[in-house]
Amino acid sequence: MTKTDLMPSLLIRNIKTLVQAEVNPRKVVKGADMAIVPTIHDAYLLMENGRITGFGAMDTCPERADEVMDATGRMVFPSWCDSHTHLVFATSREEEFVDRIRGLSYEEIARRGGGILNSARRLQETSEDDLYHSALERLYEVIGYGTGAIEIKSGYGLTTESELKMLRVIRRLKEVSPIPIKATFLGAHAMPVEFKENREGYIDLIINEMLPKVAEEKLAEYCDVFCDRGFYTVEETDRILKAAAGYGLKAKIHANELDYSGGVQTGVANGAVSVDHLEYTGDAEIEALLGGDTMPTLLPGCAFFLGIPFGPARKMIDAGLPVVLATDYNPGSAPSGNMPFVVALGCIKMGMLPEEAINAATINGARAMELEADYGSIAVGKVANVFITKPIPSLAYFPYAFGKNLVESVVLQGKAWTTPRQ
Ligand SMILES: [Zn+2]
């Protein structure tokens with residue numbers, strides 16, 4: 001360390017286990033390799049100028065740093081990479097939750113004007129400022145769960161003005177966020193009521209009005225479509241994705257949540273960065289995924305909350321695929337941005353080993369946002385976003401003790417993080 005350092009260096013000493021510590025960083029972890037998480041016991045981690053500059057066994061630990069933390073009995077993980085959220089929304093929807101308890105299905109609620117259309121109505125009535133402040137609060141909330149990189153979608157606007165409003169909120173979040181944010185334009189999240197008899201009219205609006213404005217203001221990196229039964233068809237999805245590609249927006253789509261919709265194959269054919277949900281994934285979908293680089297992303301919080309089948313993570317990993325886990329944080333089908341709970345669900349409900357769930361929620365999540373060069377593992381040169389656990393007996397204890405808050409402290413860009421007061 002020299003006096004020319006821009007930021008104080010931070011050294012974490014006496015780490016019980018340093019998790020996901022890579023000497024040769026991987027871009028993606030697939031199949032049988034998902035069961036392997038490289039670890040170092042009794043370790044140190046050195047961070048300088050926001051980046052990781054060294055790690056190893058304690059007997060090789062540097063003598064000093066500007067700041068030193070002691071992690072005796074604690075583990076250090078790379079921050080979670082949550083590659084699928086709808087963090088910007090107007091209000092919660094617990095009345096629909098009660099409707100479902102009383103026996104209505106998610107699709108029945110959607111047909112009655114609830115669901116995404118309900119969120120859209122409320123969002124259209126909410127100011128950009130109010131949306132920004134509530135979303136910032138949620139962003140700070142998920143950082144407290146250990147999330148250190150995140151994707152956020154629009155899709156509750158469903159008019160040009162409101163979709164742009166959502167994306168501008170995401171841009172404002174990016175400006176103040178201590179963690180990287182990827183923005184996704186999801187104008188094709190639902191069919192607005194006024195276009196029910198004129199689907200073509202809304203798709204034309206997306207393609208000819210929304211996409212050019214999103215591109216002009218550089219408001220999004222990705223374009224998403226809800227390709228599923230009762231939402232957008234394969235042909236409509238294909239048209240929207242191809243138009244988006246013309247503006248340089250890559251695809252990240254919602255597929256196969258409600259049926260074998262053909263969405264997975266459409267996503268792969270369009271070179272999607274990820275296809276997400278995948279509760280309905282059979283042999284044909286797995287075959288398609290094996291033929292491309294598209295990351296299959298499972299959202300067990302949604303399956304848990306809606307009581308629908310969980311995505312077949314075990315079958316996908318056994319077939320040699322990579323799997324990503326993300327929260328889908330949204331007010332209708334997954335009102336939680338808690339990545340530790342998602343990791344636990346991966347193990348408890350989808351038969352993933354703790355190591356597989358950790359790979360899915362770190363390095364593979366980073367890959368699903370094209371951030372794997374800088375996030376998703378502990379490696380020299382990567383951004384120093386990590387969290388320190390409470391004292392825990394083993395790696396497996398983390399998903400085993402579901403619902404227990406085991407994240408004790410968070411380090412972002414090499415600095416201890418405290419949530420600012422809003
Ligand atoms: Zn979603």
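How far apart are the end C-alpha atoms of helix H5 (residues 160-176), and what span should its 17 residues have at 1.5 Å a residue? The expected span is 24 Å and the end C-alpha atoms are 25 Å apart, which agrees. The model is predicted. The points below cover helix H5, the contact of helix H12 with helix H13, and Glu 209 in helix H6.

**Helix H5 and its surroundings**
- The buried residues of H5 are Ser 162, Glu 163, Leu 164, Lys 165, Met 166, Leu 167, Val 169, Ile 170 and Leu 173.
- These buried residues pack against three helices and two strands: H3 (115-124), H4 (128-144) and H6 (199-216), together with S7 (147-153) and S8 (181-188).

**Helix H12 against helix H13**
- The axes of H12 (residues 339-350) and H13 (residues 354-361) come within 9 Å and cross at roughly 135°, which makes H12 oblique to H13.
- The crossing of H12 past H13 is right-handed.
- On the H12 side the contact involves Met 339, Val 342, Val 343, Gly 346 and Cys 347; on the H13 side it involves Pro 354, Ala 357, Ile 358, Ala 360 and Ala 361.
- By class, nine residues of this contact are nonpolar, one is polar and none is charged.

**Glu 209 in helix H6**
- Glu 209 belongs to helix H6, one of the elements that the buried residues of H5 pack against.
- Glu 209 counts as partly exposed because it has 14 C-beta neighbours inside 10 Å, whereas a buried residue needs 20 or more and an exposed one has 12 or fewer.
- Glu 209 and Gly 115 are 94 residues apart along the chain, and their C-alpha atoms are separated by 25 Å.

How values were computed: Residues numbered from 1 in each chain as written. Predicted model: local features only at pLDDT ≥ 70, side-chain atom pairs only at ≥ 80, totals over all residues. Axes fitted to C-alpha atoms, helices over the stretch in contact; angles between N-to-C directions. Helix = DSSP H or I, 4+ residues; strand = E, 2+ residues; numbered from the N terminus. Parallel < 35°, antiparallel > 145°, perpendicular 65-115°, else oblique. Left-handed = near helix turned anticlockwise from the far one by under 90°. Contact = placed C-beta atoms within 7 Å. Nonpolar A, V, L, I, M, F, W, Y, C, P; charged D, E, K, R; others polar. Expected span 1.5 Å × (residues − 1).
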